[in-house]
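I opened this notebook to record what I looked up in one structure. The entries follow the order of my reading.

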Amino acid sequence: MIQQYKTDFESFLRKAASEQQEQILVSWTEKVGEIDPLRFFANGSSLKGNRHFWYSQKDDFCLVGAGPAILDMRTADEWEHVIESAVVHNLSGIAGTGPVAFSGMNFQQERRRELWQDFPDTQYRIPAFTLTKTEKEYYVTINQLVDSSNIESQITSVNGQLEQLFSEQTLPALQTRLVGKEELEPLAWKRLVKEATDTIKSTDLDKVVLARGMKLEFKEKLQAAGVLRNLRNTQKDSFVFAVENGSACFVGATPERLVRVESGTLHTSCVAGTAPRGKNELDDESIGDALLQDSKNREEHQYVVKMITGVIRKYSKDLRLPDGPQLLKLRQLQHLYTPVSATLLPGASLQQIVQELHPTPALGGLPKQEALDFIEKKEPLERGWYGAPVGWMDSYRNGDTAVAIRSGLLDGKQAVLFAGCGVVKDSDPDMEFEETAIKFRPMLEALEVSE
């Protein structure tokens with residue numbers, strides 16, 4: 001199948017190169033046999049490029065980007081311009097096939113860029129190769145900028161890279177040995193929570209989301225594929241993601257979808273309000289019921305629902321949501337959760353909605369600007385892409401984004417993990433600190449670190 005696939009693509013690429021006066025994107029999609037997306041991701045490390053990973057178990061859908069970036073863009077307008085002139089062969093019409101741009105961005109502008117120096121403010125990347133896994137089928141898309149003066153060399157390079165991506169290597173175990181663990185400024189962070197509650201009581205600020213970090217040092221270099229495998233196996237109701245830039249890889253498993261668009265239908269979710277899972281079924285049910293009745297968490301959740309639905313109404317019709325929050329039960333945590341769906345209006349786009357929604361009150365606070373100002377001035381953590389949207393979009397205006405929480409930045413033998421919580425007027429610093437400790441657990445477990 002691979003040989004036939006390569007031969008067909010070669011003819012397509014040669015024809016496109018002979019007909020074009022200028023360099024344009026040429027994209028070819030073909031159905032292929034079953035391949036483990038994690039093996040495809042791991043094999044991609046041998047190519048000189050950066051990798052991407054996106055997995056939603058609920059949708060039984062996975063995207064993997066590998067190989068050198070064909071285009072690294074800084075705005076959604078650049079993506080639209082590229083797609084308008086692209087030459088595309090894609091008979092499937094399935095969301096996530098054909099040209100796909102993987103996206104990510106900063107939480108907000110930051111004065112210093114040390115930890116996140118390889119991650120730009122905004123990024124839309126088209127990789128050379130994308131693997132798409134749907135419920136029952138697998139597709140590979142090859143993306144190239146055609147160069148008629150060097151087309152045979154280009155074809156030879158693509159064929160060699162395909163062989164590497166499809167090689168049947170065994171995915172190795174993670175094999176991590178922790179040699180250092182540091183919670184970054186825990187006492188200072190508790191004092192900051194107290195300062196935030198005092199500010200909320202004396203100003204127009206209603207809520208601010210504060211984040212803190214944990215630094216881990218290992219004896220061996222961390223392998224992102226092994227961390228992703230652990231997240232995929234343990235965080236069943238989350239969106240598992242990875243974005244690799246340079247030597248660093250941003251990895252996580254977030255329960256919070258920001259916006260998904262498929263065939264003109266929009267889906268989003270409001271997630272705010274957190275409690276641990278119980279020790280047994282009865283205990284778990286009791287904790288969940290208490291969360292549903294807790295005034296502090298209900299208030300925090302309603303802030304998020306009000307803001308998100310307010311934005312969604314501008315770009316859609318037929319808004320649908322339940323009367324009250326439900327429980328979203330994850331491995332270590334349970335959250336208040338309100339799903340929202342609507343029909344996208346003509347001319348509206350996923351990126352318009354993402355730009356206006358970010359950051360939601362679940363990650364920034366309310367009022368938005370006052371909360372962001374407080375975070376920028378007071379919070380010592382360099383957030384980078386933590387808490388911001390990561391995701392993908394295709395040339396058919398489908399796409400999905402999630403809020404990058406429950407995450408960590410891997411770089412060599414070091415990992416920096418991130419966790420945050422919403423602070424309102426009645427917040428207790430010790431309880432908020434414990435909430436963030438619980439939120440570190442998914443990444444600690446994925447890194448095979450015992451608490």
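The entries below concern helix packing, two buried residues, and some backbone details of this predicted model.

**Entry 1: helices H6 and H11**

I began with a pair of helices, since two packed helices are described by the angle between their axes and the distance between the axes. For H6, residues 224-234, and H11, residues 429-446, I noted an angle of about 125° and axes 8 Å apart. I therefore recorded H6 and H11 as oblique to each other. Next I looked up which residues meet. From H6 I listed Val-227, Asn-230, Leu-231 and Thr-234, and opposite them in H11 Pro-442, Met-443, Glu-445 and Ala-446. Sorted by class, this contact of H6 with H11 comprises 5 nonpolar, 2 polar and 1 charged residues.

**Entry 2: helices H5 and H11**

I then turned to H5, residues 186-202, which also packs against H11. The angle is about 125° here, and the axes lie 9 Å apart. That makes H5 oblique to H11. I noted that the crossing of H5 past H11 is right-handed. On the H5 side, the contact is formed by Pro-186, Trp-189, Lys-190, Val-193 and Lys-194. On the H11 side, I found Pro-429, Asp-430, Glu-432, Phe-433 and Thr-436. By class, the contact of H5 with H11 holds 5 nonpolar, 1 polar and 4 charged residues.

**Entry 3: Ser-427**

I looked next at the loop between strand E21 (414-423) and H11, where Ser-427 lies. Is Ser-427 buried or exposed? Its relative accessibility is 9%, so I entered Ser-427 as buried, the cut-off for that term being under 20%. I then examined the polar contacts of its side chain. One links the side chain of Ser-427 to the side chain of Glu-432 at 3.1 Å. The Ser-427 side chain also reaches the backbone nitrogen of Val-424, at 2.9 Å. Setting aside residues up to four places away in sequence, I found that Ser-427 touches Thr-197, Lys-296, Gly-422 and Glu-432. Glu-432 is also among the H11 residues that meet H5.

**Entry 4: Ala-275**

I located Ala-275 in strand E13, which spans residues 265-276. With a relative accessibility of 9%, Ala-275 counts as buried. Which residues does Ala-275 contact, leaving aside neighbours within four places in sequence? I wrote down Ile-287, Leu-291, Leu-333 and Gln-334. I also looked up the separation of Ala-275 and Ala-362, which stand 87 residues apart along the chain: their C-alpha atoms are 15 Å from each other.

**Entry 5: cis peptide bonds**

I checked the backbone for cis peptide bonds and recorded one between His-358 and Pro-359, with omega about -15°. Pro-359 belongs to the loop between helix H9 (350-357) and strand E17 (365-366). I recorded another between Leu-366 and Pro-367, where omega is about -15°. Pro-367 sits in the loop between E17 and helix H10 (368-378).

**Entry 6: positive phi values**

I finally looked up phi for two arginines. Arg-397 has phi near 70°, a positive value in a residue other than glycine. I placed Arg-397 in the loop between strand E18 (389-394) and strand E19 (399-403). For Arg-406, phi is near 50°, again positive in a residue other than glycine. Arg-406 is in the loop between E19 and strand E20 (407-411). Its relative accessible area is 6%, and I therefore entered Arg-406 as buried.

Terms used: Residues are numbered from 1 along each chain as its sequence is written. This is a predicted model: local features need pLDDT of at least 70, side-chain atom pairs count only at pLDDT 80 or more; totals for chains, interfaces and linings use all residues. Side-chain values use heavy atoms; hydrogens and water are left out. Axes are lines fitted to C-alpha atoms, for helices over the stretch in contact, and angles run from 0 to 180 degrees between N-to-C directions. Helices (H or I, at least four residues) and strands (E, at least two) are DSSP runs, numbered from the N terminus. Angles under 35 degrees count as roughly parallel, over 145 as roughly antiparallel, 65 to 115 as roughly perpendicular and the rest as oblique. Contact means heavy atoms within 4.5 Å. Ala, Val, Leu, Ile, Met, Phe, Trp, Tyr, Cys and Pro count as nonpolar, Asp, Glu, Lys and Arg as charged, and the others, Gly among them, as polar. Buried means under 20% relative accessible area, exposed over 50%, partly exposed in between (1.4 Å probe, protein chains only). A polar contact is a pair of N or O atoms within 3.5 Å; within protein, one must be able to donate a hydrogen and the other to accept it, and residues adjacent in sequence count only if both atoms are side-chain atoms. A crossing is left-handed if the near helix is turned anticlockwise from the far one by less than a right angle, and right-handed if clockwise.
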